[in-house]
Amino acid sequence: MAEAIDLPNTAEVASVSEIGKVRRVVAAAASEVLGSDVGADVALVVSELITNALEHGDDGMVAVEYGSTVDGFVLAVGSPSSGLPIERKGPVPDTDTRGRGLRIVSAIADVVDVTQADGSVVVRCRFGPRRR
């Protein structure tokens with residue numbers, strides 16, 4: 001997923017109170033392309049990524065881009081950040097309250113790509129049709 005994709009839809013999120021609206025809009029767009037099952041998956045992923053970006057980003061502003069592609073749906077969430085998110089390997093102890101977000105995203109999306117450039121971190125996810 002390293003190729004450049006010009007995603008047609010954008011949103012900016014500055015607080016957790018805005019996540020629900022963006023989640024509904026992005027999930028509806030994914031549902032139009034790939035059905036409600038994938039739309040529900042996208043809703044979970046976009047919520048997780050925005051929450052993480054607000055919590056761990058450097059300035060509190062999160063950019064969300066999304067749109068359909070020839071073979072599915074792409075979501076990109078980015079924010080200014082000096083550190084890359086790290087997906088924990090191995091089991092996460094039940095007593096830990098953190099450390100599952102990127103693992104959940106990776107389990108749901110077909111492809112996840114995390115990049116850092118020019119002081120920003122972008123997590124880009126690709127979703128394709130689900131096979132039954």
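These legends walk through several close-up views of one predicted protein model.

Local features are described only where pLDDT is at least 70 and side-chain atom pairs only at pLDDT 80 or more, while totals for chains, interfaces and linings use all residues. Residues are numbered from 1 along each chain as its sequence is written, and side-chain values use heavy atoms, leaving out hydrogens and water.

**View 1. The whole chain, with three helices and five strands.** Helices (H or I, at least four residues) and strands (E, at least two) are DSSP runs, numbered from the N terminus. Follow the sequence and you meet the pattern β-α-α-β-β-α-β-β. Of the 132 residues in the protein chain, 36% are buried; here buried means under 20% relative accessible area, exposed over 50%, and partly exposed in between, with a 1.4 Å probe and protein chains only. Contact means heavy atoms within 4.5 Å. Among contacts with a separation of 6 or more, 62% are between residues 24 or more positions apart.

**View 2. An open sheet of five strands.** The order is β1-β2-β3-β5-β4, with antiparallel pairing; two strands pair if DSSP finds at least two bridges between them. Strands β1 (9-13) and β4 (111-117) stand at the edges with a single partner strand each, so one side of each has no neighbour in the sheet. From one strand to the next, the twist averages 15°. Angles run from 0 to 180 degrees between N-to-C directions, and axes are lines fitted to C-alpha atoms, for helices over the stretch in contact. Strands β2 (residues 62-69) and β3 (residues 72-80) run antiparallel and are joined by seven bridges. Look for Thr69, which stands opposite Gly72 in β3. Helix α1 (residues 19-34) packs on the sheet, touching β1, β2, β3 and β5 (120-127), and its direction makes about 155° with that of β3.

**View 3. Helix α1 and its two faces.** The 16 residues of α1 should span 22 Å at 1.5 Å a residue, and the end C-alpha atoms are 22 Å apart, which agrees; the expected span is 1.5 Å times one less than the number of residues. Buried in α1 are Ile19, Gly20, Val22, Val26, Ala27, Ala30 and Leu34. These buried residues fall within an arc of 155° seen down the axis, so they line one face of the helix. The arc is that of the directions from the helix axis to the C-beta atoms. Elements covering the buried residues of α1 include β1, α2, β2, β3 and β5. On the face turned away from the buried side, you will find the exposed residues Lys21, Arg24 and Glu32. Gly35 follows α1 and has a positive phi, near 95°.

**View 4. Helix α2 and its packing partners.** Helix α2 (residues 36-56) has 21 residues, which should span 30 Å at 1.5 Å a residue; its end C-alpha atoms are 30 Å apart, in agreement. Its buried residues include Val38, Val42, Val46, Leu49 and Ile50. The buried residues of α2 pack against β1, α1, β2, β3, α3 (101-108) and β5.

**View 5. The buried side of helix α3.** Gly101, Leu102, Val105 and Ile108 are buried in α3. They cover an arc of only 130° around the axis, which puts them on the same side of α3. The buried residues of α3 pack against α2, β4 and β5.

**View 6. A salt bridge between Arg126 and Asp71.** A salt bridge is a side-chain nitrogen of Lys or Arg within 4 Å of a carboxyl oxygen of Asp or Glu, and by this rule the count comes to one. The closest N and O atoms of Arg126 and Asp71 are 3.4 Å apart. Arg126 lies in strand β5 and Asp71 in the loop between β2 and β3, so the pair ties together parts that are 55 residues apart in sequence. Arg126 is buried, with a relative accessible area of 13%, whereas Asp71 is partly exposed at 48%.

**View 7. Two serines and a loop residue, Asp118.** Ser68 sits in strand β2 and is partly exposed, with a relative accessible area of 45%. Not counting residues up to four places away in sequence, Ser68 touches Val33 and Phe73. Ser79, in strand β3, is buried at 8%. Leaving aside neighbours within four places in sequence, the contacts of Ser79 include Ala53, Gly57, Met61 and Val121. Asp118 is in the loop between β4 and β5 and is exposed, with a relative accessible area of 83%. The phi of Asp118 is near 50°, a positive value in a residue other than glycine.
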